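Grab a coffee and open the viewer: here are a few exercises with worked solutions. Try each task on your own before you read on.

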Amino acid sequence: MPELHEFPYLDNTPFSADHCLKCNVCTQACPVAAVTSLFPGPKTVGPQAQRFRDPDLPSPDESLDYCSSCGICTLVCPHGVRVMEINTIAKAKKGERDGQSLRNWILGRNAWWGVLGTPFAPILNWLFDFAPFRVVLEKTMGMSQHAPFPKWAGYTFRGWANKRQSSIPADAPTIVYYHGCSTNAYEPTIGKWAVQVLEHNGFRVLIPEQGCCGLPLQSNGDFAGARQFAQRNIDWLVDYARRGIPIVGTSASCIMALKSDYEHVLGMEGDDLHTVAAGIYDICEFLSLLHYRGKLKTDFKPIVGLQGKIPYHAPCQLKAHGIGRPALDILDLIPGFRAVEMDVDCCGIAGTYGYKAEKRQIAEDVGKPLFERIRQSDASLAICDTETCRWQIAQMTGKRVVHPIEIIASSYGIVHENM
Amino acid sequence: MDDLIIIGAGWAGMFAAALAVATADTQNKLLRIRVIAQGIGQMVVTPSWISVWDSAQGDLEHDLRGLTVIAPEHPYALAGVESLVNAIDFFEEFSGETLGLSYLGHAPKLANFAIATALGTVQHPAVVPLGYRSSTADALFIGFEGWRDYYPNLSGSNTATIKLPVDRAWDATPTDLARQFDKPEFRQAVIDLVKPRLNGAKAIGFPAVLGLDYNGFANDYWGEAFGVPVFEIPTLPPSVPGTRLFNALRRYLLDLGVRVQIGHPVTRGIIEQGRAVGVEVAAAGKSTRFDAKAIILATGGLYGGGLFSDDRGAIWEPIFGLPVQYDPDRTRWFNENLLDPRGHPIHYVGVRVNDQMQPLGSSGSPFAEGLYAAGQLLAHPNVEGAPLPTETTEGVALATAYKAVICALQTLSITT
């Protein structure tokens with residue numbers, strides 16, 4: 001039986017362009033090209049331009065910068081061309097040549113701003129809500145005044161976890177939680193739920209040293225910086241993976257960076273990298289796996305106020321995992337409502353893309369059909385696995401958008417809030 | 001564990017998923033179905049019509065019954081002519097009432113249409129999107145200035161070329177233009193440009209880009225706007241009518257809880273104790289396993305990625321390693337002329353199945369329980385009087401997917 005490694009083209013990003021037959025399926029599916037003529041589509045700037053690219057030559061196409069790296073092109077390609085990866089690498093080459101804007105430098109380092117801003121949360125939250133400040137940010141740096149900035153929680157998830165006494169016995173099976181920057185500084189409740197859901201299933205949760213996954217740097221073309229973050233994460237996590245201790249995360253995009261981008265976009269190599277990539281799971285993927293093995297606790301109770309159809313948006317980065325829709329598989333076990341996947345590919349924000357003033361309108365136009373469907377739905381909330389997508393959908397629809405772990409935790413009776 | 005995994009998101013795979021979930025839904029049963037495909041299916045590059053047997057004349061059912069006699073191993077014969085007829089009946093009703101797309105077949109008897117192509121030739125599918133219904137006599141053919149994908153003078157002598165109000169028209173895909181036609185003001189602008197050019201034409205032919213979401217044929221928007229019938233002509237891929245159908249099917253499937261996973265190939269089928277129990281998907285970082293009570297393999301033929309070949313004359317089915325019917329002498333794969341009327345022997349290769357759509361092992365008995373195959377993956381007998389595989393593509397996909405679903409549902413205790 002053929003194994004993945006028998007198809008070397010799947011593993012070698014630049015050469016996967018050889019499999020392009022110019023069918024334009026990717027261009028048709030590209031959510032950015034659908035709403036702006038500034039981007040001619042993934043085929044043109046990807047496999048088509050790839051043949052004119054030499055490691056020592058500049059990229060031939062300036063419009064590349066408008067690629068959001070959502071990766072829909074790679075998913076729809078019937079021939080295994082890594083279109084998004086080709087484009088992201090070319091974008092970084094362009095960045096190396098042209099240099100970085102201050103704005104992109106800042107957006108790439110939200111790992112720092114989350115932690116550094118925590119003590120000043122009240123002031124910063126007020127400031128980012130203060131319209132004139134946002135106008136100034138846009139005018140001086142090109143940071144869109146309409147983009148959905150998160151709120152600093154005022155404490156960090158790690159701070160909470162360090163102080164917490166767990167009641168789980170020391171000999172219980174262990175699991176590592178990779179929380180990501182956003183959970184640490186902006187949405188620590190997601191981390192709390194994750195820890196408690198895992199404990200509910202009998203795991204002792206370890207929260208070892210870890211850093212930003214590097215995806216924001218990668219998206220903003222700073223591959224060198226992204227590789228530093230990546231290497232540190234591999235060094236911190238590889239020992240757990242080697243010992244067979246599962247690593248789970250609540251941000252599908254960060255986890256995707258560790259699973260795939262380090263190798264296929266950043267071009268990193270080595271056994272440690274593969275060990276970590278094989279040992280890390282999206283949290284719902286892991287819960288699904290537990291369920292498959294008959295080890296998931298299924299004492300799910302209906303949640304007050306949650307009934308009918310609830311819109312679920314599968315983020316692009318989650319789709320890139322190739323693990324199906326594990327959040328839906330778990331949510332299906334909860335009585336009282338049904339989560340329904342929206343048929344719109346992308347919400348538009350694509351990480352830091354929708355924070356850039358010149359791309360903000362594109363980001364809103366890309367997600368428009370999604371926002372309309374969610375707005376029209378009777379449900380008071382929507383569900384989505386990644387942070388910036390949640391913030392974007394919440395801002396554009398006025399509805400609450402939650403991580404599936406919040407629903408799962410509620411259904412276990414871990415949080416007693418009506419929704 | 002799922003009830004049903006369908007591998008492939010082309011005509012056979014998407015139709016099988018829709019038929020299975022619709023059947024279960026009418027019986028108020030929840031069926032857990034998962035569609036897994038390496039990329040988007042072939043549907044979006046087809047004209048979106050159903051070719052049953054393009055070169056057949058007259059009553060198709062009659063000809064198909066004749067085919068079952070001369071080629072009892074043909075997919076139509078194995079699935080049974082009634083599977084095709086039932087599949088088309090279901091498709092026509094479902095596409096209209098549930099998907100909101102209008103398809104047209106000859107009732108009460110299946111027969112072929114004559115549909116104009118972008119090259120000025122005629123094709124003969126049996127079921128077509130309403131927009132393809134054409135009367136090319138005295139028709140005016142509309143081209144778009146600078147657009148490389150359609151040249152109206154290949155279609156006829158009465159042509160008009162209009163300048164669309166879009167940027168970079170030369171670089172637009174059919175889908176780009178179709179999205180423009182979704183906007184009422186754009187449609188009106190085109191109507192205003194075309195109307196003065198009519199000069200007594202009895203019909204208007206446009207390349208098939210008249211709206212991606214907007215369906216102006218169901219409500220006769222176009223006929224009313226111009227006062228004469230309007231029809232579409234299939235373009236170069238990607239195909240807008242094919243994409244309309246794919247999008248509508250996907251939305252329907254997602255709404256009913258079907259998982260549609262496009263992007264990562266199934267690399268291995270898992271057989272335990274003579275039963276197909278699951279598949280492995282080449283997911284990021286590690287492979288992911290999905291189990292099901294029944295599996296339908298709808299991965300396509302050599303062009304669709306369901307079969308692989310090499311330069312030493314081997315052809316294989318990569319997921320389950322099913323036996324493939326082919327000639328190991330590679331020199332006999334191709335006829336001398338590219339456009340040979342019998343096509344090429346390589347087009348006929350595929351996996352043999354029984355009349356329950358179960359792939360056969362080398363001994364001639366089913367390869368595994370719970371495993372079914374449909375569509376272009378199947379072997380087509382290359383015998384005198386049988387159709388070319390390329391002129392039966394969608395018909396074979398629908399008939400065999402129909403039969404495969406019926407048989408798979410029976411194992412799940414759902415009858416149709």
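**Exercise 1. Work out whether strand 7 of chain B is buried or exposed.**

Step 1: Count. Six of the six residues of strand 7 of chain B are buried, so this strand is largely enclosed by the rest of the structure. Buried means 20 or more other C-beta atoms within 10 Å of the residue's own, exposed means 12 or fewer, and partly exposed is in between, with C-beta atoms placed from the backbone. Strands (E, at least two residues) and helices (H or I, at least four) are DSSP runs, numbered from the N terminus.

Step 2: Check both faces. B:A139, B:F141 and B:G143 are buried on one side, and B:L140, B:I142 and B:F144 are buried on the other.

A word on the numbers before going on: this is a predicted model, where local features need pLDDT of at least 70, side-chain atom pairs count only at pLDDT 80 or more, and totals for chains, interfaces and linings use all residues. Residues are numbered from 1 along each chain as its sequence is written, while chains are lettered from A and ligands numbered from 1 in the order in which they are written.

**Exercise 2. Place strand 7 of chain B in its sheet.**

Step 1: Get the order. The sheet is open, has four strands in the order 8-7-9-10 (chain B), and pairs in parallel. Two strands pair if DSSP finds at least two bridges between them.

Step 2: Find the edges. Strand 8 (159–162) and strand 10 (230–233) of chain B each have a single partner strand, so one side of each has no neighbour in the sheet.

Step 3: Look at the twist. Ignoring direction, neighbouring strands here are turned by 30 degrees against each other on average. Angles run from 0 to 180 degrees between N-to-C directions, and axes are lines fitted to C-alpha atoms, for helices over the stretch in contact.

Step 4: Go through the partners. Strand 7 (residues 139–144) of chain B runs parallel to strand 9 (residues 203–207) of chain B, joined by three bridges; B:A139 has B:A203 as its bridge partner. Toward strand 8 of chain B there are four bridges, again parallel, and B:F144 stands opposite B:I162.

**Exercise 3. Describe the surroundings of B:D138.**

Step 1: Locate B:D138. You'll find this residue in the loop between strand 6 (127–129) and strand 7 of chain B.

Step 2: Check exposure. B:D138 has 12 other C-beta atoms within 10 Å, so B:D138 counts as exposed.

Step 3: List contacts. Setting aside neighbours within four places in sequence, B:D138 touches B:A201, B:K202 and B:A203; contact means C-beta atoms, placed from the backbone, within 7 Å. B:K202 is 64 residues away along the chain, yet its C-alpha atom is 5.4 Å from that of B:D138.

**Exercise 4. Describe how helix 1 of chain B meets helix 8 of chain B.**

Step 1: Take the geometry. Helix 1 (residues 11–26) and helix 8 (residues 240–255) of chain B have axes that come within 10 Å and cross at roughly 40 degrees. The crossing is left-handed, that is, the near helix is turned anticlockwise from the far one by less than a right angle (clockwise would be right-handed).

Step 2: Name the residues. Helix 1 of chain B brings B:M14, B:A17, B:A18 and B:V21, and helix 8 of chain B brings B:F246, B:L249, B:Y252 and B:L253.

Step 3: Sort by class. That gives eight nonpolar, no polar and no charged residues. Ala, Val, Leu, Ile, Met, Phe, Trp, Tyr, Cys and Pro count as nonpolar, Asp, Glu, Lys and Arg as charged, and the others, Gly among them, as polar.

**Exercise 5. Sketch the side of chain B that touches chain A.**

Step 1: Count. On chain B, 38 residues are in contact with 37 residues of chain A.

Step 2: Find the contributors. Helix 5 (174–181), helix 8, strand 11 (259–262), strand 12 (266–272) and strand 14 (288–297) of chain B supply at least two residues each. Helix 8 of chain B gives the largest share, five residues.

Step 3: Sort by class. This side has 13 nonpolar, 14 polar and eleven charged residues.

Notes:
Contact = placed C-beta atoms within 7 Å.
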